[in-house]
Amino acid sequence: ISLLVPPPRCYGYVEGGRVTPLNPRSFAAEVRKATTDSQPGRKTASCLTDDVVLFHVPWSDDCRYFYPILADLSKEHLKEERRFWSVDLNVYPEVGAELRIDTSTSSKQLPTVVLFHGGKEVRRLPPFDEKGKVIKT
């Protein structure tokens, strides 16, 4: 029956929080952009803020259940210099490939949450090694 009637989606749940969806172009512009602009010494918004990005796929129950948690976190951190984003890897698999996120149905890497500061990756959950195996924490 789930083939005929898909399970409800949790995406879009905000209620005071803010998780903004990104495409490859906006991911590069908002999260990965240079840390300084054309005026020497002047820092851009991405250099002054932390960017928390949820990489997800719509067919994963873990991803669907994690989205409201991220929305709640964004609500708690509204006044801080932190921005919350999401990238649907089903629609934009090239972003996942760039960050070496396995989106296969047997993947243990989904959902992946990455903290960026100044356009650079600082931390990733779940962490994984060079071979793509999840490291138990």
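Strands here are DSSP runs of E with at least two residues, helices are DSSP runs of H or I with at least four residues, and both are numbered from the N terminus. The model is predicted: local features need pLDDT of at least 70, side-chain atom pairs count only at pLDDT 80 or more, and totals for chains, interfaces and linings use all residues. Residues are numbered from 1 along each chain as its sequence is written, and side-chain values use heavy atoms, with hydrogens and water left out.

**View 1. The whole chain has 4 helices and 5 strands.** Along the sequence the order is β-α-α-β-α-β-α-β-β. The protein has 137 residues, and 37% of them are buried (buried is under 20% relative accessible area, exposed is over 50%, partly exposed is in between; 1.4 Å probe, protein chains only). About 8,600 Å² is exposed, and carbon and sulfur atoms supply 55% of that area (Shrake-Rupley method, 1.4 Å probe; for residues, only the protein chains shown count as cover). Contacts (heavy atoms within 4.5 Å) also tell how the chain folds back on itself. Of the contacts with a separation of 6 or more, 68% join residues 24 or more positions apart.

**View 2. Five strands build an open sheet with mixed pairing.** The strand order is E1-E3-E2-E4-E5. Two strands pair if DSSP finds at least two bridges between them. Strand E1 (20-21) and E5 are the edge strands, and each pairs on one side only. E2 and E3 run parallel, joined by 7 bridges. In this pair, Val52 stands opposite Phe84 of E3.

**View 3. E4 and E5 form a hairpin.** The two strands, with E5 spanning residues 120-125, pair in the antiparallel sense over 5 bridges. Val114 stands opposite Arg124 in E5. Between the strands are 2 residues. Gly118 sits in the turn, with a positive phi of about 60°.

**View 4. Phe27, Phe55 and Phe116 form one aromatic cluster.** The structure holds 2 aromatic pairs (rings of Phe, Tyr and Trp, the last by its six-membered ring, pair if their centres lie within 6.5 Å; planes under 30 degrees apart are stacked, over 60 edge-to-face, the rest tilted). The ring centres of Phe27 and Phe55 are 5.9 Å apart and the planes meet at 75°, so this pair is edge-to-face. Phe27 lies in helix H1 (residues 24-30) and Phe55 in strand E2 (residues 50-56), so the pair links distant parts of the chain, 28 residues apart. The ring centres of Phe27 and Phe116 are 5.8 Å apart with planes at 75°, so this pair is edge-to-face too. Here Phe27 in helix H1 is joined with Phe116 in strand E4 (residues 112-117), 89 residues apart. Phe27 and Phe55 are both buried. The relative accessible area of Phe27 is 2%, and Phe116 is buried at 0%.

**View 5. Pro24 of helix H1 touches residues from a distant stretch of sequence.** Leaving aside residues up to four places away in sequence, Pro24 touches Tyr92, Glu94 and Val95. Pro24 and Glu94 are 70 residues apart in sequence, yet their C-alpha atoms are 7.8 Å apart in space. Pro24 counts as partly exposed, at 25% relative accessibility.

**View 6. Two cis peptide bonds precede prolines.** The bond between Leu110 and Pro111 is cis, with omega about -10°. Pro111 is in the loop between helix H4 (93-98) and E4. The bond between Leu125 and Pro126 is cis as well, with omega about -5°. Pro126 lies in the segment after E5.

**View 7. Arg100 has a positive phi.** The angle is near 60°, in a residue other than glycine. Arg100 lies in the loop between H4 and E4. At 47% relative accessibility, Arg100 counts as partly exposed.

**View 8. The largest pocket holds about 200 Å³ of space.** A pocket is an open set of points on a 1 Å grid over the protein atoms alone, where a 1.4 Å probe fits, with protein on both sides within 12 Å along at least five of seven lines; lining residues have an atom within 4 Å of a point. Points are joined across faces, edges and corners, and the volume is the space filled by probe spheres set on them. The lining includes Val52, Leu73, His77, Arg82 and Phe84. Val113, Val114, Leu115, Arg123, Arg124 and Leu125 also line the pocket. Strand E3 (82-88), E4 and E5 each supply at least two lining residues.
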